[in-house]
Amino acid sequence: MKKPFILSAAFLLLLSLSYCGSARRGTPTHAPLRIESQAIAQGEVVYMSHCNKCHPGGAAGLGPAINNKPLPGFLMKFQIRNGLGVMPAFKEDHISDQELDNLVAYLKELRSAKK
Ligand code: HEC
């Protein structure tokens with residue numbers, strides 16, 4: 001009667017390893033992006049300087065994950081311009097309208113690249 005116990009213990013161990021594996025810190029949260037357009041590349045620069053500290057790689061940090069929900073572009077723009085709760089507002093003197101368009105293009109790319 002010892003074998004089945006050892007087998008199920010091994011099974012549980014494997015199961016927990018595979019579940020805990022994805023929660024590891026420091027692993028990339030998305031597949032490498034295909035930065036094909038200039039707009040998306042510029043959006044990434046804006047993202048890295050203003051957003052990445054709270055939404056690291058699009059995943060949750062201080063702020064919630066933003067790469068896992070189908071937020072429409074105009075809503076994301078509204079949130080960025082007006083802020084909400086802890087998230088600060090970013091006005092035109094920080095992110096221009098052109099940069100905002102690029103940023104939203106990058107956010108959509110980030111979302112579609114999510115693993
Ligand atoms: C100081 C930390 C901080 C920074 C910087 C920040 N955010 Fe946020 N963000 C938050 C928090 C906190 C929330 C949740 C706000 C709430 O619902 O009260 C949030 C929410 C959001 C949401 C809505 C997510 C949802 O679930 O509805 C979007 C989109 C978003 N942020 C995008 C951005 C973008 C783009 C930038 C860069 C321009 C940015 N954030 C910069 C903290 C931050």
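This is a short conversation about the ligand site in a predicted model.

Author: A quick note on conventions: residues are numbered from 1 along each chain as its sequence is written. In this predicted model, local features need pLDDT of at least 70, side-chain atom pairs count only at pLDDT 80 or more, totals for chains, interfaces and linings use all residues, and side-chain values use heavy atoms, with hydrogens and water left out.

Reader: What makes His 55 and Met 87 ligands of the iron atom?

Author: Donors are N, O and S atoms within 2.8 Å of the metal (3.2 Å for Na, K and Ca), and water is not among the atoms, so sites may look incomplete. NE2 of His 55 and SD of Met 87 lie at 2.0 to 2.1 Å, so both qualify.

Reader: And why is the iron site called octahedral?

Author: Six donors count as octahedral if opposite donors are over 155 degrees apart and all others between 65 and 115. Here the angles among the six donor atoms run from 84 to 179 degrees, and the site is octahedral.

Reader: What does the pair tie together?

Author: His 55 sits in the loop between helix H2 (38-50) and H3, and Met 87 in the loop between H3 and H4, so the two join parts that are 32 residues apart in sequence. Helices here are DSSP runs (H or I, at least four residues), numbered from the N terminus.

Reader: How do you know that His 55 and Lys 69 make polar contacts with the ligand?

Author: A polar contact is a pair of N or O atoms within 3.5 Å. A polar side-chain atom of His 55 is 2.8 Å from a ligand nitrogen, and a side-chain N or O atom of Lys 69 is 2.9 Å from a ligand oxygen.

Terms used: A polar contact is a pair of N or O atoms within 3.5 Å; within protein, one must be able to donate a hydrogen and the other to accept it, and residues adjacent in sequence count only if both atoms are side-chain atoms. Four donors count as tetrahedral if all angles lie between 85 and 135 degrees; four count as square planar and six as octahedral if opposite donors are over 155 degrees apart and all others between 65 and 115; anything else is irregular.
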